[in-house]
Amino acid sequence: MRIHGEGMKGLIPQRNPMIMVDEFESEDNSMAQTIINVRPDNMFVSQTGKMLVSGVIEHMKQSVLALSAWNNGRLRTTPYIGYLCEVDNFVCRSQPKTGDRIETTVGIRFSLGNSIHAHAISSIDDEVFAESDLVVILK
């Protein structure tokens, strides 16, 4: 199922200017694809038009949060609040720029209580530019 626009409010609690996922699509409970279009008004985009690395990590975290909410039937109810507890094996080969479309594949490796351990791979034009393991705690 594909969710975008106002539908994203049912998956993640963030609102403008903090929303970092424009589209969400998942066929199963273990993996999802998310998209963010890098716009100049994004709070993680510098004056030079490049997205800060912290913005890439926040996009990955929100992608994990959206998949977790989807898996637990949280769509159209109060979305989870997610706290980023760990970023491990993070690699960022380049910084996205205004106009780029970031496509991220996120997979949940395992869950333990309210702790979600996931892996995210982000690409632009089918070229991987960032990858990380993340631990997100749901509230």
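This is a short selection-by-selection tour of a predicted model.

**Stop 1: the strands.** Select β5, residues 101-112. Now add β3, residues 31-37. The two run antiparallel, joined by 7 bridges. To see one pairing, pick Thr34; its bridge partner in β5 is Thr104.

Next, bring in β6, residues 115-124. β6 is antiparallel to β5 as well, with 10 bridges between them. Label Val106 and find its bridge partner in β6, Ala120. Then follow the chain to the hairpin of β5 and β6. There are 2 residues between the strands, and Gly113 takes a positive phi near 65°.

**Stop 2: the helix.** Select α1, residues 53-71. Put a distance on its end C-alpha atoms: they are 28 Å apart. At 1.5 Å a residue, the 19 residues should span 27 Å, so the two values agree. Colour α1 by accessibility: 15 of its 19 residues are buried, leaving the helix mostly covered. Step just past α1 to Gly73, where phi is positive, about 65°.

**Stop 3: the core.** Which residues touch the most other members of the largest nonpolar core? Select Met8, Leu11, Ile12 and Phe24; they do, in a core of 34 residues. The elements that give two or more residues to this core are β3, α1, β5, β6 and β7 (127-138). α1 gives the most, with 7 residues. In soluble globular proteins, nonpolar side chains tend to be buried together.

**Stop 4: Ile12.** Centre on Ile12 and hide its neighbours within four places in sequence. The remaining contacts are Ile19, Val21, Gln62, Leu65, Ala66 and Pro79.

Terms used
Residues are numbered from 1 along each chain as its sequence is written. This is a predicted model: local features need pLDDT of at least 70, side-chain atom pairs count only at pLDDT 80 or more; totals for chains, interfaces and linings use all residues. Side-chain values use heavy atoms; hydrogens and water are left out. Two strands pair if DSSP finds at least two bridges between them. Helices (H or I, at least four residues) and strands (E, at least two) are DSSP runs, numbered from the N terminus. The expected span of a helix is 1.5 Å times one less than its number of residues. Buried means under 20% relative accessible area, exposed over 50%, partly exposed in between (1.4 Å probe, protein chains only). A nonpolar core is a set of buried Ala, Val, Leu, Ile, Met, Phe, Trp, Tyr and Cys residues joined through side-chain atoms within 4.5 Å. Contact means heavy atoms within 4.5 Å.
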